[in-house]
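Good morning, colleagues. Please take a moment with the sequence and the structure before I begin.

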Amino acid sequence: MQPEHDTLVRTNHFLTPAPAADEKTWLYQPDSGERYDFVRARLTRAEPPTTLDELTGHLVTGDGEPPVTCLPDPDKPLGRRWASLATVALEPATRTARILDGTPADTGTRDWRVLGAG
């Protein structure tokens, strides 16, 4: 994977052939590739984000877009009501992780927890 504007986009699922070979993609990640491609394209078209809030703004999605910001759909059956539970930003240069209890759309309404490696 290559960074876009110094940001490495990732998913919770394997997207390369060898590790993904035995994954149950039809069940656990039917749209990870679409979400990954969407975020990379959005970062390519936009001005480079300079703050964490700007970066998370690129992750907020709506109707007709891949569910990067995943809100549960109560009309779907149990087991298919996917939801983002947390937003995590890793900053290797400062050896910190920033964790938001919620989706990228919750940026600005909740505080980030900052964890540092000693």
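A salt bridge, as I use the term today, is a side-chain nitrogen of Lys or Arg within 4 Å of a carboxyl oxygen of Asp or Glu. With that cut-off in mind, let me say at once that this is a predicted model. The mean pLDDT of the protein chain is 82, and 85% of its residues reach 70 or more. Confidence varies by element: strand S3 has the highest mean pLDDT, 96, whereas helix H2, residues 25-28, has the lowest, 62.

I begin with the salt bridges. How many are there by this rule? The count comes to three.

One of them joins Glu91 and Arg98, whose closest N and O atoms are 2.7 Å apart. Glu91 is partly exposed, with a relative accessible area of 25%, and Arg98 is also partly exposed, at 25%.

Another links Glu65 to Arg42, with a closest N to O separation of 3.2 Å. Glu65 sits in the loop between H4 and S1, while Arg42 belongs to helix H3, residues 32-45, so this pair ties together parts that are 23 residues apart in sequence. Are these two residues buried or exposed, or something in between? Arg42 counts as buried, because its relative accessibility is 16% and the limit for that class is under 20%. Glu65, at 31%, counts as partly exposed.

There is also a salt bridge between Arg110 and Asp106, where the closest N and O atoms are 4.0 Å apart. Arg110 is partly exposed, at 40% relative accessibility.

Let me turn to the sheet. It is an open sheet of three strands in the order S1-S2-S3, with antiparallel pairing. The edge strands are S1 and S3, the latter spanning 112-116, and each of them pairs on one side only. From one strand to the next, the twist averages 15 degrees.

S1 and S2 are paired over five bridges, and five bridges likewise join S2 to S3. Which residue shows both pairings of S2? Ile99 does: Val88 stands opposite Ile99, and in S3 the bridge partner of Ile99 is Arg113.

S1 and S2 form a hairpin with four residues between them. In that turn, Arg95 has a phi near 55 degrees, a positive value in a residue other than glycine. Arg95 lies in the loop between S1, 87-91, and S2, 96-100, and is partly exposed at 49% relative accessibility.

Now to the interior. In soluble globular proteins, nonpolar side chains tend to be buried together. Here, the largest nonpolar core has seven residues: Val9, Tyr36, Phe38, Val39, Leu43, Leu59 and Val68.

What does Phe38 touch, once its neighbours within four places in sequence are left aside? Phe38 is in contact with Thr61, Glu65, Pro66 and Val68. Among these, Val68 is a fellow member of the core, and Glu65 is the salt-bridge partner of Arg42.

Finally, I draw your attention to Pro67, in the loop between helix H4, 52-57, and S1. Not counting residues up to four places away in sequence, Pro67 touches Asp31, Arg35 and Thr61. The C-alpha atoms of Pro67 and Asp31 are separated by 8.2 Å, although the two are 36 residues apart along the chain. Pro67 is partly exposed, with a relative accessible area of 31%.

Thank you for your attention.

Technical notes: Residues are numbered from 1 along each chain as its sequence is written. This is a predicted model: local features need pLDDT of at least 70, side-chain atom pairs count only at pLDDT 80 or more; totals for chains, interfaces and linings use all residues. Side-chain values use heavy atoms; hydrogens and water are left out. Helices (H or I, at least four residues) and strands (E, at least two) are DSSP runs, numbered from the N terminus. Buried means under 20% relative accessible area, exposed over 50%, partly exposed in between (1.4 Å probe, protein chains only). A nonpolar core is a set of buried Ala, Val, Leu, Ile, Met, Phe, Trp, Tyr and Cys residues joined through side-chain atoms within 4.5 Å. Contact means heavy atoms within 4.5 Å. Two strands pair if DSSP finds at least two bridges between them. Axes are lines fitted to C-alpha atoms, for helices over the stretch in contact, and angles run from 0 to 180 degrees between N-to-C directions. pLDDT is the predictor's confidence in each residue, from 0 to 100.
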